[in-house]
Amino acid sequence: MKIKKPEKIRIKIALPPDKSISHRLLFFTLLEQGKYKIKNLLNSKDVKRTLYFVRNLGIESKKDKESIVIENRGLKEPEKILYCGNSGTTARLGTGICSALSFNFFLDGDFSLRKRPMKRVIEPLRKMGALVYGRENDTKLPVFIKGKKLKGIKYKIPVASAQVKSSLILASFLSKVESEFEEILKTRDHTERILKYLGAKIECEEDRIRVFPSRINNFSLKVPGDFSSASFWITLGILHPESEILIKDVNLNKTRTFYMKILKEMGARIEIDLKIKEPEPEGDIYVRTSELKPVKIGFKECSKMIDELPLLALVCCFAEGESIIKGAKELRVKESDRLRNTTRILKKMGAEIEEIEDGWVIKGKSKLKGTRVFTYKDHRMVMLSVCAGLLAEGETEVEGEKWVEISYPCFFEEVKKIYD
Ligand code: S3P
């Protein structure tokens, strides 16, 4: 894909549905027998992996234009290997669920997922009595699981990870035992929030979650727009010298929108119109060209906007002065090493960005120039490169465009609308 900086951006965006919530609603249909309806499910490669996962456990599904109707008439042992592709959420949440079901399972992933850490879920699940075995001393996919009823635990999760938290909540819920999980920092809370809304007995204090034996109701829910996908448009809207972007129906859950808070502190002109409160807050976001100050942030801030950090690095390239982003080591174990790859991409385009062990030091107001960029088979690196290309002088050629299918299938169609 070849990209040129448009003179003006004036556009209204309809986002793809939220990836995290789409995965979760599909997994929740495994928790109780009955009928479910999910409207606006994300039709991306990652979510298709979770759909494949639940179907292999006996779930029946029928799609129509706007929704998917799902029936759970009892689960069965999968005949096939549960292939999770590129999707960390499928593998981590799936491992928790399988550990608590009385069948045998094999889980695997693609070249990227096989490199990503699984010990963070395997270790606590074993403390619950789970029989989970993985490659490289039980730390990586593929994993084998001999599912069984687990026992409850009290556990402090040593990494800031919503996937680990959700995996443990689901394992505890399915085993009908009482557990308590503490987070080092509160991460996205869709799992506990929606399960509670559906009738589960879950108590949440700031960074503590208690799960009790309980049940959930069958549901019919609509998935809101994905804030992480919206972040591409927010970034573009504030950085482009002549722009106005309206983003419709975005999930505004506070555990997801921290990126906007930091941008506002930097001086970004962002307005929010909250429209729906339950089960997940939802509304519109309006952004305009902004003058930005630099930022200095650490682990606490980084963990609250982990998927948006590469875009924040781009924002810092346009701010007035030096920015320091530290405490972002987790980026090294995402779909690719995003600390290294963000640096490679932005440096190649002329940014003054230095990679440090756990972040970046970025000098602002450097002029970006179009060039050919590689995106390392990582959807968020593709979107970062396109955003940088829409702000750079000259032409940018972004390789690997098909990887956006992981989270934002119609991304390039939306980008083309900028020029209409
Ligand atoms: C996700 C949690 C985050 C995030 C990922 C989706 C989720 O991962 O990076 O894109 O749906 O729970 P970690 O839990 O590994 O931080």
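## Two domains and two residues

Between domain 1 and domain 2 there are 13 residue pairs in polar contact, with both partners at pLDDT 80 or more. Since pLDDT comes up right away, please keep in mind that this is a predicted model.

On the domain 1 side of that contact, two elements give two or more residues each: α10 (299–303) and α13 (379–389). The largest share, 3 residues, comes from α10. By residue class, the domain 1 side that touches domain 2 divides into 15 charged, 10 nonpolar and 6 polar residues.

### How the chain is divided

Domain 1 is made of two stretches, 2–16 and 224–419, while domain 2 covers 19–222. In the contact, 31 residues come from domain 1 and 28 residues from domain 2. The centres of the two domains, taken over C-alpha atoms, lie 29 Å apart.

How much area do domain 1 and domain 2 bury between them? The figure is about 2500 Å², and 55% of it is on carbon and sulfur atoms. Of the area that domain 1 buries against domain 2, Pro279, Glu335 and Ile406 supply 22%, more than any other three residues.

Charge pairs have a part here too: 5 salt bridges are found across the interface of domain 1 and domain 2. Elsewhere in the list of side-chain pairs, Glu405 and Lys45 meet in a salt bridge at 3.7 Å, N to O.

### A closer look at Thr187 and Lys363

Here are two individual residues, side by side.

| Residue | Place | Relative accessible area |
|---|---|---|
| Thr187 | loop between β11 (179–183) and α7 (190–197) | 5% |
| Lys363 | strand β21 (residues 359–363) | 44% |

Is Thr187 buried or exposed? Thr187 counts as buried because its relative accessibility is 5%, and the cut-off for buried is under 20%. Its side chain makes a polar contact with the side chain of Glu183 at 2.5 Å. Setting aside residues up to four places away in sequence, Thr187 touches Ala160, Ser161, Ala162, Lys165 and Thr255.

Lys363, in strand β21, has a relative accessible area of 44%, so Lys363 is partly exposed. Which residues is Lys363 in contact with, leaving aside neighbours within four places in sequence? They are Cys316, Cys317, Gly321, Glu322 and Glu352. One of them, Gly321, is 42 residues from Lys363 in sequence, yet their C-alpha atoms are 6.0 Å apart in space.

Technical notes:
Residues numbered from 1 in each chain as written. Predicted model: local features only at pLDDT ≥ 70, side-chain atom pairs only at ≥ 80, totals over all residues. Heavy atoms only, no water. Helix = DSSP H or I, 4+ residues; strand = E, 2+ residues; numbered from the N terminus. Buried < 20%, exposed > 50% of the residue type's maximum accessible area, 1.4 Å probe, protein only. Polar contact = N/O pair within 3.5 Å; in protein donor to acceptor, adjacent residues only side chain to side chain. Contact = heavy atoms within 4.5 Å. Domains from an automatic or database assignment. Buried area = accessible area lost by both parts, 1.4 Å probe. Salt bridge = Lys/Arg side-chain N within 4 Å of Asp/Glu carboxyl O. Nonpolar A, V, L, I, M, F, W, Y, C, P; charged D, E, K, R; others polar.
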